[in-house]
There are 2 protein chains.
Amino acid sequence: MGRRRPGTPTLEEVAARAGVGRGTVSRVINNATGVKESTRHAVQRAIEELGYVPNLAARSLAGRGTDAVALVLTEPDWRLFAEPFFSEIVGSLGDALADTGMQLMLTLVRSGAERQRFLEYARGGRVDGVLLMSVHAGDPLPDMLAEARLPTVMLGRRSGDESISYVDADNVGGARSAVSHLLARGRRSIATITGPLDMYAAQCRLRGYQDALGLAGLKYQQTMVAEGDFTEDSGRRAMAELLQRHPELDGVLAASDTTAAGALQTLRAAGRRVPDDVAVIGFDDFPLAQRTEPPLTTVRQPLEDIGRAMIRILLEDMEEPSVAWRHVILRTELVVRASS
Amino acid sequence: MGRRRPGTPTLEEVAARAGVGRGTVSRVINNATGVKESTRHAVQRAIEELGYVPNLAARSLAGRGTDAVALVLTEPDWRLFAEPFFSEIVGSLGDALADTGMQLMLTLVRSGAERQRFLEYARGGRVDGVLLMSVHAGDPLPDMLAEARLPTVMLGRRSGDESISYVDADNVGGARSAVSHLLARGRRSIATITGPLDMYAAQCRLRGYQDALGLAGLKYQQTMVAEGDFTEDSGRRAMAELLQRHPELDGVLAASDTTAAGALQTLRAAGRRVPDDVAVIGFDDFPLAQRTEPPLTTVRQPLEDIGRAMIRILLEDMEEPSVAWRHVILRTELVVRASS
DNA sequence: GTCCCGATCGGGAGCGCTCCCGGAAATTCG
DNA sequence: CGAATTTCCGGGAGCGCTCCCGATCGGGAC
């Protein structure tokens, strides 16, 4: 069919022009060994003159994979896509992928139809591997990909025992250390604003909060917990709610920096001083944590390392498919600033 | 080579199982006409049983295009990627593409190397068309794509006479009407916070500001202009600067809603009441404009329409490549809220 | 019963590339 | 200088699909 874009020369035409065989040109563009230097130059000149670009469809049909991986964002509410978390992780993955020659393709999956379409795309061999982020509890996509034998790595997990490779931060430990820090500074009435509780990471952070209280012999109160969704807005609302239920509270752990920023605003509006009256701790340590008023004490997630680990695992799995799942949990670290 | 994922049946195997020929199976999966209903069912059952998924590389090699378009974000500072503008436009494009069966692939181009890699990817035929956003003044990518004969549509433009298809909002008119509105309400000392001036959209909004002042017979003062970069942070800084230079100012036009939000914070911190002392107008009309304190008067950009127009133009150009560039400028609209 | 005409269907050709076998050319060695 | 290696190189086979030409099959008209 004539849909081929006009003026796109083929490898064969390059070969003809350079006066060599197809195989030689192929060897040159894949810079394989075993080509005489002079021949290589002749071919390169022909490529130059013709403006030749290899047809990637043909290349992957012939068996060489696609040199592309997909980063899938499963999130029906795509506005969350504007959260710093995503741009940070995208940047980190991009860096980690930079010197592998792989192309990172970001895809939004907002509905069942879009999931289906992506699945066809991936199973159709358009990408060699898949990175999944912001996966919610009941999401079937990871399993579908696994069943299709596509190398897949998740950022975070859906539950405690996950049958797929993932990289995650130590959310429980991070939250626990944050709350312990508050307790050590004499706070006794500590609330928490969680993330969406259908996400395991949010559950873990809540569990860390509970653990720390338990360890200190304090009782856990349901009313000290307000659910948010990682956004600033939800932080504002949840903080207002908590303040109303527990005017006496003197410490808050928010499930993300953005949520914490929202909480700070509400506290200021309510006339509470931070950290004098109420200490606030965030989670993530994004750049914004340094610019809040006051700067935010927060639990640092090593996003750079997370990105690198995801890429490493994915590449390994692409290299030689294994039946074993790999799980990597990265340590978090409390960064103390002025808000606590 | 053995890189083919194991257990991926081919069309031929489906044909064998269904007891029909290759052509028939092809007709079924492309739901073409001319297949008897009973045959179609037999084939579909075979597809089902084998878990067959067409190999997309083979399909596009055989001439059928790729059913994918790339959305390229050219932005060395990828943190800007977290601006609501991007998530809004991505959502809008995704919606516009939803019922075409096309896959949207987002790509970040942060460096020359990444641009080169993307170019190879696109010229290699991995996508049928390209959407470009946040293109800066000297960016060569659009021309390179045009030269490669790839259907391409830009969001915004690099200059007044652009040799590529684009969709843009009426930035000059929008800014002009905003300033005129301020003048009509008796403001006389009006400043502006611009976007990055290497972007044409930012220049246009500045021009609209100048135009409106000129129309009202007011003189344009360089010192009433502070350059930002569309972010909230730059809004805070620029506002502080303007306030220092011109304590008497009573109106501000910001080049984006986020910038305006930042400006509002600085004004509040400086003890200025909005709109009593200083009126503020934003640009974009993102959801956040309704949640600022006070809600923001702003110039609405019809992002939904912009996305739809971009897709329409792209699809038309993919359908039958034309030599003509299409330019679409969409009307903006002043949305008056409490900040002016 | 015969002929003709759609409606269906089978399968050859070919998309542009990589892999790899076997031959040609260049070297080295005895 | 001829034989044994190496080093290079050409081109056949094949990846899985779509397109399309021509064959086959059913009926209806005569």
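Modeller: A salt bridge is counted where a side-chain nitrogen of Lys or Arg lies within 4 Å of a carboxyl oxygen of Asp or Glu. Side chains of opposite charge can pair when their charged atoms come close. The structure above is a predicted model, in which local features need pLDDT of at least 70 and side-chain atom pairs count only at pLDDT 80 or more, while totals for chains, interfaces and linings use all residues. Residues are numbered from 1 along each chain as its sequence is written, chains are lettered from A and ligands numbered from 1 in the order in which they are written, and side-chain values use heavy atoms, with hydrogens and water left out.

Colleague: How many salt bridges are found over all chains?

Modeller: The search of the whole structure gives 46 salt bridges. Two of them share a residue in chain B. Arg236(B) meets Glu232(B) with N and O 3.4 Å apart, and Arg236(B) also meets Asp233(B) at 2.9 Å, N to O.

Colleague: Where do Arg236(B) and Glu232(B) lie?

Modeller: Helices (H or I, at least four residues) and strands (E, at least two) are DSSP runs, numbered from the N terminus. Both residues belong to helix H10 (residues 232–245) of chain B and stand 4 residues apart, about one turn of the helix. Arg236(B) and Asp233(B) are 3 residues apart in helix H10 of chain B, so about one helical turn separates them.

Colleague: Is Arg236(B) buried or partly exposed?

Modeller: The terms rest on relative accessible area: buried is under 20%, exposed is over 50%, and partly exposed is in between, with a 1.4 Å probe and protein chains only. Arg236(B) is partly exposed at 24%, and Glu232(B) is partly exposed at 30%. Another pair offers a contrasting case. Glu162(B) forms a salt bridge with Arg158(B), whose closest N and O atoms are 2.4 Å apart. Glu162(B) is buried, with a relative accessible area of 7%, and Arg158(B) is buried at 10%.

Colleague: Which residues are linked with Arg291(B) in a network of salt bridges?

Modeller: Glu232(A), Asp233(A), Arg236(A) and Arg237(A) are linked with Arg291(B) in that network.

Colleague: How should the sheet of chain B be read, and what is its strand order?

Modeller: Two strands pair if DSSP finds at least two bridges between them. In chain B, an open sheet of 6 strands has the order E7-E6-E8-E9-E10-E12, with mixed pairing. Strand E7 (225–227) and strand E12 (333–335) of chain B are at the edges; each has a single partner strand, so one side of each has no neighbour in the sheet. From one strand to the next, the twist averages 20°; such angles run from 0 to 180 degrees between N-to-C directions, with axes fitted as lines to C-alpha atoms, for helices over the stretch in contact.

Within this sheet, strand E6 (residues 190–194) and strand E8 (residues 251–254) of chain B pair in the parallel sense over 4 bridges. Ala191(B) has Val252(B) in E8(B) as its bridge partner.

Colleague: Which strands does helix H8 of chain B lie across?

Modeller: Helix H8 (residues 171–184) of chain B lies across E6, E8, strand E9 (279–284), strand E10 (297–300) and E12 of chain B, at about 165° to E9(B). Helix H9 (residues 200–215) of chain B also packs on the sheet, touching E6, E7, E8 and E9 of chain B, and its direction makes about 170° with that of E6(B).

His181(B) is a residue of helix H8 of chain B and is buried, at 11% relative accessibility. Contact means heavy atoms within 4.5 Å. Leaving aside residues up to four places away in sequence, His181(B) touches Ile281(B), Thr297(B), Leu334(B), Val336(B) and Ser340(B).

Colleague: Which residues touch the most other members of the largest nonpolar core?

Modeller: In soluble globular proteins, nonpolar side chains tend to be buried together. A nonpolar core is a set of buried Ala, Val, Leu, Ile, Met, Phe, Trp, Tyr and Cys residues joined through side-chain atoms within 4.5 Å. The largest such core has 64 residues, of which Leu131(A), Ile306(A), Leu131(B) and Ile306(B) touch the most other members. Apart from this core lies another, of 40 residues, among them Val72(A), Leu150(A), Met105(B) and Val135(B).

Colleague: What rotation superposes chain B on chain A?

Modeller: Two copies of a chain are related by a rotation about an axis and a shift along it. Here the rotation is 180°, the shift along its axis is 0.1 Å and the RMSD is 0.1 Å, the relation of a two-fold axis. The superposition is by least squares on the C-alpha atoms of residues with pLDDT of at least 70 in both copies. The copies meet through the same surface, because 98% of the interface residues of chain B are also interface residues in chain A.
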